[in-house]
Every structure is written in C-alpha cells, then in structure tokens.
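Colleague: Could you take a close look at one part of this model for me, the helix packing, and talk me through what you see?

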Amino acid sequence: MYGYRSNVPTVNSQQSTVNNHSGATGIDINSLILVMNLPNWNDLADDALAGKCISREQSLAVLRAPDEVLLEQLNAAYRVRRHYWGNRVRLHYLLNAQSGLCPEDCHYCSQSKISTAEIEKYPLLAKEKILEAAGRAADLKAGTFCLVISGRQPNASTFDRVLDAVETVKANYNLKICACLGLLSEEQTHRLAKAGVDRVNHNLNTSESYHADICTTHTFGDRVETVEHVKAAGITTCSGGILGMGESDDDAIDLALSLRKLGVTSVPVNFFIPIPGTPFAGLNTLNPRQCLRILCMFRFLLPSQEIRIAGGREVHLRSLQPLGLYAANSIFVGDYLTTPGQAAHQDWDMIRDAGFAIESPEGQTAVETASCQTMSASADSRK
C-alpha cells in the first residue's frame, strides 16, 4: 500500500484478476469489458495532485468499480493523502452539549421532532461539564474539541453561554475548537471568531437535488449560506455529509463537488446508521468495500482537504477500518452524538498497527504512537 507502480497500466493487473476467476470454460466477457473500461487509478491520483477535477464519469467509475481492484484504488488515493498529510492522523473529540428537542424534521436524525428514538434529551450542559469534556478530549490526544448542540439555530441565551464556554476551554486547554450550532447568521459567526472558535461545522449532508428527500424544514441553500457566513468570518470551514441515506451515486458525487466549489477545509464523511424510531430506520445499503470506495472518491475530488471518517465508521467499515486511513486522514475518538464509538485504545492501536501516527494538537508533528500504550486507562471510560 505504501508503494505504487506508476509505469504499469492498472488494467493489466485487473485483467489478470478476471482471467484467474473466469474458470475453465473461458473468460467472462462482461467482466472483461468492465475492467478494461476502468480508468487507471494512478492517473486519477496524478490529476488530483495536479489540481485537476476528475470527471463525473471517472468519479462514477471509482464508486462502481469491482471489489477486485479496491486495493489498487486505495493505493492511488493514498498517494494523494500522503502528499498532503503524510502518515499523520488527526483525532477529534465530539461533545453532544445539547441533545434532542430539535424542531427540524431531518429524516435520518434521532434528535429531530419526528423521531421517536429513545435518546437522552437535555438543554445546554453547564460550563463545568463542557470544561470536563474538554479535559477528556485532551487526555485522548485529540487536537480538536467539537462542541455540538441540537436545534435549528441557537437562541440568544444559549449562544452567549456557548461563547463563554469556548473562552473558558481555550484558556485551559491547548485544543482547537469546532462549534456545530445549526444555522448561523454572519453576525453570529463573527462573534464565534472573536471568542476563539477555530472552525465551524455545518454539513451539507447530501446533494442539492436529494436534500428535500431527507429534510423539509430548511433547504440546501440555507446550509450553504451558513458555510458562506463561516468563510466570511475567517473561520475554518468544516462541512461534509452522510452517505447511505438512499442517495444515488450521482448525489454522492454532487455532494463532493459542492464541497469542492465552496472550498471547504475539513470534510467529515458520515456513514448512515439506521436508528429505530427515525423515518430512515429501515435503510441499510452500505458495506465496507463501498464505504472505502466512497472515501477514495472524496479523496480524488478533495485532494488537499482534511477528510474525516465520522459517524458509522465502526458500524460499516468494521474490520476494514484501518484501510480507511489510506484515503482519510482524520477520525473521531470517543462517541458520536447519540451512538457509541469504539474504545479509544482500539483507535490508538489501529493507527499504530497500520503504520500511521497521531497528529499533535499543534498539527505540526506527530505524537509517537508507542506512547499510546502508556496513556492512563482512566482516559478511556469505555474500555
């Protein structure tokens, strides 16, 4: 995975795979035609590194390629990832600081007004609780503390309390802070910048054409507008999506292209977890190989961006989680909003075993992965 054969046409090795599986009666012509029409993955990596936007046809080929060529796709995606990020892995820690009680009707979300999912519901946590969570983020070697609240947009009182909590965390810990607060005005994003917020997350979630199928209480344009406000305030933009909600391959590509057009810096890629009590509870369309192909497509279309394997990593990638790091360069350590993640020590081991290193909070050097074994067991409350 660390090397590549730049002078060997990808199709040759793929054609060999087809021949080996064709059986004694001859070659499967349909499979041979499919393989011979696939792009050379290293050519896609070259284009991405040169700043070119790969075509829709090439993007579709990435998503629809047979499993036999998956490692070659990952190898090419890794070339791009390595160029921009080396072997560093960024860790983010997420705090669900206000849960449930949301007036929106997002069909995928357990916190929405139309969800009957059994989740905890509570208003904004006290500042002391937020500070305590920031301490846990630091203990887990996260470089970014992600403070998330449910709801359409924060009211004045909640917003003021968030600003106060942000200033307190910044005064006590060497952490970048990412705030995810719903729809925001330009004035609010400027206030967040002044308080010390480093980045704001507001996911586009899906393509513009599919958005009405997942939510009707706000538009795709509303989400884009918030991202634009974040950019205008000089805050780092964090925006991604949720894959596996019934969208088409073209929708997945359109989402990535929208993020590219917006110039988003950090891109969380969530893999949809069907939660009982939500309208999308019956959707389960993903498998580990398809998730890896999605990550490759995002890396080719968003070559220099931080790509984070977010919610659904453990559920959908399962034993193939380490392979995701060859396309992505960031993960969450700890739990998600209303679903659990795996134990932190498993993430540390996975990063070390795959030959990667945890990035320091400063983002310049890497923490020696061997030191993960000496971290306090009390820092991992889910072990």
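Modeller: Here is a walk through the helix packing, with some surroundings added. Bear in mind that this is a predicted model.

Some background on the chain to begin with. There are 15 helices and eleven strands in the protein chain. Its length is 383 residues, and 56% of them count as buried. If you take contacts between residues at least 6 apart in sequence, 75% of them join residues at least 24 apart. The accessible surface comes to about 15,700 Å², and carbon and sulfur atoms account for 49% of that.

Now to the part you asked about. Two packed helices are described by the angle between their axes and the distance between the axes. Take helix 5, residues 70-85, against helix 12, residues 288-301: their axes are 9 Å apart and the packing angle is about 40°. Since angles under 35 degrees count as roughly parallel and 65 to 115 as roughly perpendicular, helix 5 is therefore oblique to helix 12. The crossing of helix 5 past helix 12 is left-handed. On the helix 5 side, the residues in contact are L70, Q73, L74, A76, A77, V80, R81 and W85, and they meet R289, L292, R293, C296, R299 and F300 of helix 12. Sorted by class, that contact between helix 5 and helix 12 is made of nine nonpolar, one polar and four charged residues.

Helix 4 belongs in this picture too. This helix spans residues 56-64, and its buried residues are S59, L60, A61, V62 and L63. Among the elements covering those buried residues you'll find both helix 5 and helix 12, along with helix 3 (41-49) and helix 11 (249-262). In other words, the two helices of the oblique pair also help to cover the buried residues of helix 4.

Next, helix 7 (residues 156-172) and helix 8 (residues 186-195). Here the axes come within 9 Å and cross at roughly 25°. With under 35 degrees as the cut-off, helix 7 is therefore roughly parallel to helix 8. The handedness is worth a look as well: helix 7 passes helix 8 in a right-handed crossing, whereas the crossing of helix 5 past helix 12 is left-handed. From helix 7, F159, D160, L163, V166 and E167 make the contact, and their partners in helix 8 are Q188, R191, L192 and A195. By class, you get five nonpolar, one polar and three charged residues in the contact of helix 7 with helix 8.

One more helix residue for you: D222, which sits in helix 10 (residues 220-232). With a relative accessible area of 23%, D222 is partly exposed. Leaving out residues up to four places away in sequence, D222 touches R152 and L183. The C-alpha atoms of D222 and L184 are separated by 9.4 Å, with the two positions 38 residues apart along the chain.

Finally, two backbone spots on either side of helix 6. L101 lies in the loop between strand 1 (88-98) and helix 6 (127-139). Its phi is near 60°, a positive value in a residue other than glycine, and L101 is exposed at 61% relative accessible area. K141 lies in the loop between helix 6 and strand 2 (144-149). Phi of K141 is near 65°, again positive in a non-glycine residue, while its relative accessibility of 34% makes K141 partly exposed.

Methods:
Residues numbered from 1 in each chain as written. Predicted model: local features only at pLDDT ≥ 70, side-chain atom pairs only at ≥ 80, totals over all residues. Heavy atoms only, no water. Axes fitted to C-alpha atoms, helices over the stretch in contact; angles between N-to-C directions. Helix = DSSP H or I, 4+ residues; strand = E, 2+ residues; numbered from the N terminus. Parallel < 35°, antiparallel > 145°, perpendicular 65-115°, else oblique. Left-handed = near helix turned anticlockwise from the far one by under 90°. Contact = heavy atoms within 4.5 Å. Nonpolar A, V, L, I, M, F, W, Y, C, P; charged D, E, K, R; others polar. Buried < 20%, exposed > 50% of the residue type's maximum accessible area, 1.4 Å probe, protein only. Areas by Shrake-Rupley, 256 points an atom, 1.4 Å probe, with all protein chains shown as cover.
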